[in-house]
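Subject: Structure handover

Hello,

The structure we spoke about is below, followed by notes on what was found in it. Please read the notes with the coordinates open.

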Amino acid sequence: MTDTAHERHRMAALLADRGVLVSPWLRAAVETVPRERFLHPGVFLDEGRVWRPVTAARTEKGDWSRIAYGLDTLTTQLDGHLTADRADGPVTGLPTSSSTDPATVVAMIEALDVSAGHRVLEIGTGTGYSTALLCHGLGEDAVATVEVDPEVAARADAALEAVGFSTWTVTGDGLLGHPHRAPYDRVIATCAVRRIPYAWIRQTRPGGIVLGTVGSWPWGTGLARLTVGEDGTAEGGIVGRSSFMQARAQAVVPLAGDLSARTACPDGERPALVPPLALEEWMPAFLAQLAAPGAQFVRATDGDGTPLRYLFDPERESFAAFVPDGPGWTVRQGGPVPLWDRVERSLVAWQDAGRPGIETVRLQVTEGSHLYGIDGSPLLRWEHRLG
């Protein structure tokens with residue numbers, strides 16, 4: 001086994017120089033935990049339209065170490081089952097598990113504000129690398145981690161055992177938390193969710209912190225940091241941009257078929273007050289996901305090259321279709337939920353408020369609702385009643 005101590009110390013120094021790695025205990029963990037042990041049986045490298053499988057067994061040791069200690073997210077599973085050791089060459093597919101880039105992993109743990117004596121619940125074990133960092137700093141008995149994919153969970157558990165951590169590795173739906181080990185001082189999620197599950201709040205001590213990514217698109221999502229109150233509610237805000245794979249139970253299925261046929265029978269049409277191209281920007285995309293959780297934004301072109309944009313919400317059987325109309329856009333909406341009306345109200349209010357950044361968004365979670373607002377702007381409030 002190659003000694004990667006030099007690479008670990010180099011990566012820790014680089015993260016510290018960037019201001020990401022601050023806590024001495026976490027730096028010691030980064031310098032100690034071998035990331036390469038959590039990449040078995042291999043990774044997929046993005047080569048544009050295909051993924052190239054790379055394994056330690058088929059790669060020079062120096063090259064493998066450079067891959068393991070680069071600051072990149074490394075995809076470890078495609079389509080919910082395919083791993084690099086099972087692929088003979090470049091393949092296509094959708095990433096379903098990964099080793100998140102070390103800068104993001106470290107930044108999230110720093111934001112968690114964890115210290116000795118805290119009990120932590122991690123949602124989304126993945127490879128187990130972030131679990132190992134927490135175990136190194138807090139002790140293995142202080143950390144419980146939940147992974148929905150049995151194969152992913154088994155590989156992570158084996159890697160954790162191999163580096164000396166016999167922590168609480170659970171296979172299950174992380175959206176439900178893990179009540180057996182509750183209450184926790186900290187909950188951290190390494191997947192994105194449409195809303196912060198109240199189960200996470202309920203399983204956290206008063207004064208404890210819940211940290212997770214809100215949103216359902218690959219972009220335009222935000223990292224929520226909430227403090228749990230004595231009354232069982234939680235309050236906080238979005239502390240920055242964040243991007244994670246969606247929780248498996250909430251992952252959207254890519255739309256297939258003729259999109260024009262799906263939108264052929266609108267209930268009405270009108271000029272769009274805000275162009276749909278705004279949703280390609282981070283903050284407007286985030287507001288759209290708050291206003292219409294579960295909706296998908298789709299880019300397409302007509303046969304003559306005309307750009308088209310769509311919002312679909314398959315669960316609510318609703319759509320909004322956009323076509324260029326001179327200098328503006330026309331929106332056609334159909335189904336029981338007027339998707340663009342909801343989104344547009346949020347975007348217009350945001351523009352009127354001076355286009356504040358994502359860090360101005362505040363959030364309150366109760367057992368029955370999520371309430372969003374923007375500092376200093378009472379117009380920007382969304383309440384989503386839970387079923």
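Seven bridges connect strand 15 with strand 16 (residues 328-334), and the two run antiparallel. Strands pair here if DSSP finds at least two bridges between them; strands (E, at least two residues) and helices (H or I, at least four) are DSSP runs numbered from the N terminus. This is a predicted model, in which local features need pLDDT of at least 70 and side-chain atom pairs count only at pLDDT 80 or more, while totals for chains, interfaces and linings use all residues. Residues are numbered from 1 along each chain as its sequence is written, and side-chain values use heavy atoms, with hydrogens and water left out.

Hairpins

Within the pairing of strand 15 and strand 16, Val 323 stands opposite Thr 330. The two strands form a hairpin with two residues between them, and Gly 326 in the turn has a positive phi of about 65°. On the other side of the sequence, strand 15 (residues 318-325) is joined to strand 14 (residues 307-313) by five bridges, again antiparallel. Asp 313 of that pairing faces Ser 318 in strand 15. This hairpin has four residues between its strands, and Glu 317 takes a positive phi near 50°.

Aromatic residues

There are six aromatic pairs in the structure, a pair being two rings of Phe, Tyr or Trp (its six-membered ring) with centres within 6.5 Å; planes under 30 degrees apart count as stacked, over 60 as edge-to-face and the rest as tilted. The pair of Trp 217 and Trp 219 is tilted, because the planes stand at 45°, with the ring centres 5.1 Å apart. Both Trp 217 and Trp 219 are buried, that is, under 20% relative accessible area (exposed is over 50%, partly exposed in between; 1.4 Å probe, protein chains only). Together with Phe 297 they form one aromatic cluster. Arg 299 lies over the face of Trp 219, 4.7 Å from the ring centre; the criterion is NZ of Lys or CZ of Arg within 6 Å of the centre and within 35 degrees of the ring normal.

Cavity and pocket

One cavity of 30 Å³ or more is present. On a 1 Å grid over the protein atoms alone, a cavity is a set of points where a 1.4 Å probe fits but cannot get out, a pocket is an open set with protein on both sides within 12 Å along at least five of seven lines, and lining residues have an atom within 4 Å of a point. Points are joined across faces, edges and corners, and a volume is the space filled by probe spheres set on them.

The largest cavity has a volume of about 40 Å³. Its lining consists of Val 105, Met 108, Ile 109, Ser 130, Ile 188, Thr 190 and Phe 244. Helix 4 (102-112) and strand 8 (184-193) each supply at least two of these residues, and helix 4 gives the most, with three.

The second largest pocket holds about 300 Å³ of space. It is lined by 21 residues, and the closest to its centre are Arg 37, Phe 38, Leu 39, His 40 and Pro 41. Helix 6 (residues 150-162) makes the largest contribution to this lining, six residues.

Helix 5

Eight of the ten residues of helix 5 (residues 129-138) are buried, among them Tyr 129, Ser 130 and Leu 138. Gly 139 follows the helix and has a positive phi, near 100°.

Regards
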